[in-house]
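Student: I'd like a close look at one chain of this model, from its overall build down to single residues. Please take it slowly and give me the cut-offs along the way.

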Amino acid sequence: MAVLNEEQEMLRDMARDWATNESPVAAFRKVRASGAPEAFDREAYTAMAQMGWAGIVVPEAHGGSDFGWLSAGLVVEELGKTLTASPLVATTLAATAIVLGGSEEQKAKWLPRLASGEAIGTLAIDEGPHHNPAKIAASVSGGKLSGTKAFVHEAHSADLFVVAAADGLYLVEKGDGVSLSTRKLTDQRSHAEVTFDGAAADKLAGGGDSLLDDVLDRARVLTACEMLGMAQAVFDTTLDYLKQRVQFNQVLATFQALQHRMADLFGDLAMMRSAVEGGLQALDSGFGVARAATIAKAEANRVLHTISREGVQLHGGIGMTDEYDIGFYLKRARVLEASWGGTSYLRDRFARIGGY
Amino acid sequence: MATQPDLKAPSADDAFREEVRDFLAENFPPELKGKGSALAGVDGPTEESETQRKWREAMGARGWGTPTWPKEYGGGGLSRRQAAILNEEMAKAGAYNPIGGMGVMMFGPTLLEYGSEAQKSEHIPPICRGEIRWCQGYSEPNAGSDLANLQTFAEDKGDHYLVNGQKTWTSGGQWADKCFCLVRTDKSDKHKGISFLLIDMDAPGVEVRPIQMISGMSPFCETFFTDVKVPKENLVGEEGQGWTIGKRLLQHERTNLSGGGSLARMMGASLADIAKKYVETDESGAIADKVLRDRIADFEIRWNAFLLTARRATEESKAAGGVSEISSVLKKLGTKLGQERAELTIEIMGLQGLGWEGEGFTDAELSGVRAWLFGKATTIYGGSTEIQNNIIAKRVLGMLDHQ
């Protein structure tokens with residue numbers, strides 16, 4: 001754990017208490033049972049927004065707290081621990097695109113609404129099942145955007161889409177020219193194919209040539225924070241299970257074969273935490289962002305993948321049941337691993353950044 | 001933000017920086033620039049040139065070879081921040097710290113914590129001056145991973161102990177002046193029968209035999225004690241306290257062995273730079289073999305995550321005060337990754353990376369082979385990876401709490 005200041009410690013403790021008490025995994029089970037395609041609890045999200053969590057990276061002048069990325073990451077990690085279903089990450093990323101590339105007018109129009117929780121935003125970048133921002137077919141002519149975006153997170157509740165077209169990022173509001181087709185993924189959260197057919201589009205003209213990359217690096221790091229919370233929760237749950245399950249008249253935790261596997265996972269988890277915090281610190285300092293974000297997401301992918309598999313295995317048969325939470329983490333893990341860069345994409349990007 | 005570097009350093013720091021620069025300009029011999037060998041301090045032979053000696057003495061007189069140790073025992077008495085400034089300025093000047101070895105890395109910090117006033121006054125100042133070399137008498141033929149099984153016996157003879165037994169894997173034993181030893185003073189209790197004793201290597205009855213390793217080098221020795229008389233004042237702590245003191249020392253050892261920053265410096269060029277010299281690149285300068293390129297990226301990402309972990313552990317231990325159980329995690333991760341890197345380096349170089357001696361190989365290629373082989377020891381010594389896993393499971397994860 002990074003060394004935190006007082007404000008960050010308070011924020012983390014608040015998020016931890018809220019997630020534990022108000023949004024345990026049982027809350028996600030309720031959301032799932034409701035079958036609603038937007039797949040989150042509106043009241044819960046309103047409470048989160050009231051605590052200021054949707055505006056952590058939004059400047060104070062536009063209704064946010066501007067606490068910075070490490071602070072945002074702490075909250076997202078705590079919510080990841082309990083698989084809290086919410087559009088917080090998606091909205092934060094939409095807001096950061098506007099902070100980086102929006103005009104004063106665009107900022108004034110959207111940031112206060114996103115920060116207060118009144119509006120929900122999301123990124124609509126990829127057009128296929130693999131992350132590939134170099135291949136964007138969507139195009140704009142005469143202020144109208146057309147194209148199809150695949151597996152858009154939180155699409156069902158989004159009031160605002162930040163859409164990648166061949167020549168840059170655009171703001172598109174839900175409504176005319178925007179249609180959704182649900183894609184229910186294994187994590188049972190909100191995903192949809194979104195078709196834009198001549199939808200009114202407002203360009204994010206600032207932020208320079210690297211705007212898309214800059215936004216995606218933030219998506220990688222913040223997603224890695226959610227994954228870190230999940231990995232920590234799977235590890236802790238598995239350790240607790242090994243300490244109480246008895247076979248051969250022995251608590252499983254006393255078997256050396258299992259102890260060494262947990263020690264390996266503990267080492268991996270330490271590396272993942274360092275990589276994710278390194279990504280957050282790079283975003284806050286502005287130095288070496290692309291490299292640090294790539295390391296953060298690549299380590300998050302590697303370690304959460306391993307821990308989610310081992311978590312199920314070490315729970316034995318009970319880990320295969322819907323009654324136990326462990327399987328939920330496995331299913332959400334794969335969706336996040338594939339989002340904003342799978343492992344091979346990230347290794348290629350890391351090598352490119354390193355000039356080899 | 002707490003995490004951002006402090007860009008405006010207070011002026012006291014600037015003054016200290018000036019002092020360091022003046023000292024280096026006056027005392028660091030330019031012909032030694034870039035020549036420092038971190039390893040020589042641990043297990044190299046003792047010959048030093050006149051210039052090297054002068055440099056060591058200059059640093060020793062200031063106590064700057066052991067910058068954060070207390071001034072009263074010959075240390076530098078510097079704050080961590082000042083020590084960091086000293087490091088930075090030395091790096092800029094191409095200067096190395098001529099004072100190192102086990103006395104500095106392991107024994108000194110432990111003696112400062114557990115030693116009597118007389119012991120500290122006697123043993124710490126010569127370490128600070130780089131005059132005395134210490135070696136570690138822990139492992140025995142039947143006490144490796146099961147260290148507490150050690151049998152070397154120190155019999156109470158009133159005013160002295162009479163020591164008999166055999167130690168092994170004594171790093172640098174052939175060059176050491178003194179040995180900090182774990183010995184048995186009580187045969188009836190495995191752990192509480194162990195004591196921490198300091199033995200002169202030139203005392204009658206001490207015999208040292210170097211062991212030749214697969215790397216061709218002999219950095220380790222067997223050490224035999226036959227009726228060696230050791231004065232009672234050489235007992236550190238109480239009789240029976242050796243296991244506690246000895247384990248504490250191992251935490252210092254692990255922290256040093258895990259490497260982190262110094263390991264990264266030792267390793268030199270990045271794998272990608274090595275690959276660009278030994279394998280084909282395409283027109284854009286990328287490694288043409290896409291499979292190899294992917295494996296290098298995979299390794300470098302994990303290596304970076306490890307370096308970030310070492311840095312985080314340093315920051316956290318600073319906040320918490322002192323070394324901790326996290327040293328087991330660092331040792332386990334750093335040594336495994338170091339070996340993986342050495343294997344990948346050899347693979348990148350092909351047979352050119354496996355030269356043993358003679359013509360057709362650069363010095364770097366030849367020393368790389370020896371380092372690869374020597375590196376196999378890193379997951380065995382200082383508590384093997386399996387022992388570190390036991391420590392993590394027991395002390396960090398509490399997996400034996402229910403027994």
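Tutor: Here is a walk through chain A, ending with where chain B comes in.

Some bookkeeping: residues are numbered from 1 along each chain as its sequence is written, while chains are lettered from A and ligands numbered from 1 in the order in which they are written. The model is predicted, so local features need pLDDT of at least 70 and side-chain atom pairs count only at pLDDT 80 or more, whereas totals for chains, interfaces and linings use all residues.

Now the overall build. Chain A carries 11 helices and 9 strands (DSSP runs numbered from the N terminus: H or I over at least four residues for a helix, E over at least two for a strand). Its radius of gyration is 20 Å, close to the 21 Å from the globule rule for 356 residues, so chain A is as compact as a globular protein of that length (the radius is taken over C-alpha atoms, and the rule is 2.2 Å times the number of residues to the power 0.38). Along the principal axes, the C-alpha trace of chain A spans about 75 × 45 × 40 Å.

Of the 356 residues in chain A, 55% are buried (20 or more other C-beta atoms within 10 Å of a residue's own; 12 or fewer makes it exposed, in between partly exposed, with C-beta atoms placed from the backbone). Take the contacts in chain A with a separation of 6 or more: 74% of them join residues 24 or more positions apart (a contact is two C-beta atoms, placed from the backbone, within 7 Å).

Next, the domains. Chain A is assigned domain 1 (6–116), domain 2 (121–203) and domain 3 (211–353), with bounds from an automatic or database domain assignment. The centres of domains 1 and 2 of chain A, taken over C-alpha atoms, sit 21 Å apart. Where these two meet, 16 residues of domain 1 of chain A contact 16 residues of domain 2 of chain A. On the domain 1 side, α5 and α6 (104–116) of chain A each supply at least two residues, and α5(A) gives the largest share, 7 residues. By class, that side of domain 1 of chain A has 11 nonpolar, 3 polar and 2 charged residues (Ala, Val, Leu, Ile, Met, Phe, Trp, Tyr, Cys and Pro count as nonpolar, Asp, Glu, Lys and Arg as charged, and the others, Gly among them, as polar).

On to the interior. The largest nonpolar core has 147 residues, and those touching the most other members are A94(A), L145(A), V163(A), Y170(A), V172(A) and A231(A) (a core being buried Ala, Val, Leu, Ile, Met, Phe, Trp, Tyr and Cys joined through C-beta atoms within 7 Å). Helix α7 (residues 211–244) of chain A gives the most to this core, 17 residues. Leaving out residues up to four places away in sequence, A94(A) touches L114(A), G121(A), T122(A), L123(A), L160(A) and V162(A).

Zoom in on helix α4 of chain A, residues 69–81. With 13 residues, α4(A) reaches 18 Å from its first C-alpha to its last, close to the 18 Å expected (1.5 Å times one less than the number of residues). It's mostly covered, too: 13 of the 13 residues of α4(A) are buried. What follows α4(A)? That's L83(A), with a positive phi near 55°, although L83(A) is not a glycine. Most residues other than glycine have a negative phi. L83(A) sits in the loop between α4 and α5 (88–101) of chain A, and it counts as buried because it has 25 C-beta neighbours inside 10 Å.

Q188(A) is another non-glycine with a positive phi, about 60°. Q188(A) is in the loop between β6 (178–182) and β7 (191–203) of chain A, and its 18 other C-beta atoms within 10 Å make it partly exposed.

Finally, the partner. The contact between the chains takes 35 residues from chain A and 39 from chain B. On the chain B side, the elements giving two or more residues are α9 (271–278), α10 (290–320), α11 (326–349) and α13 (385–396). The largest share there, 16 residues, comes from α10(B). That side of chain B divides into 20 nonpolar, 9 polar and 10 charged residues.
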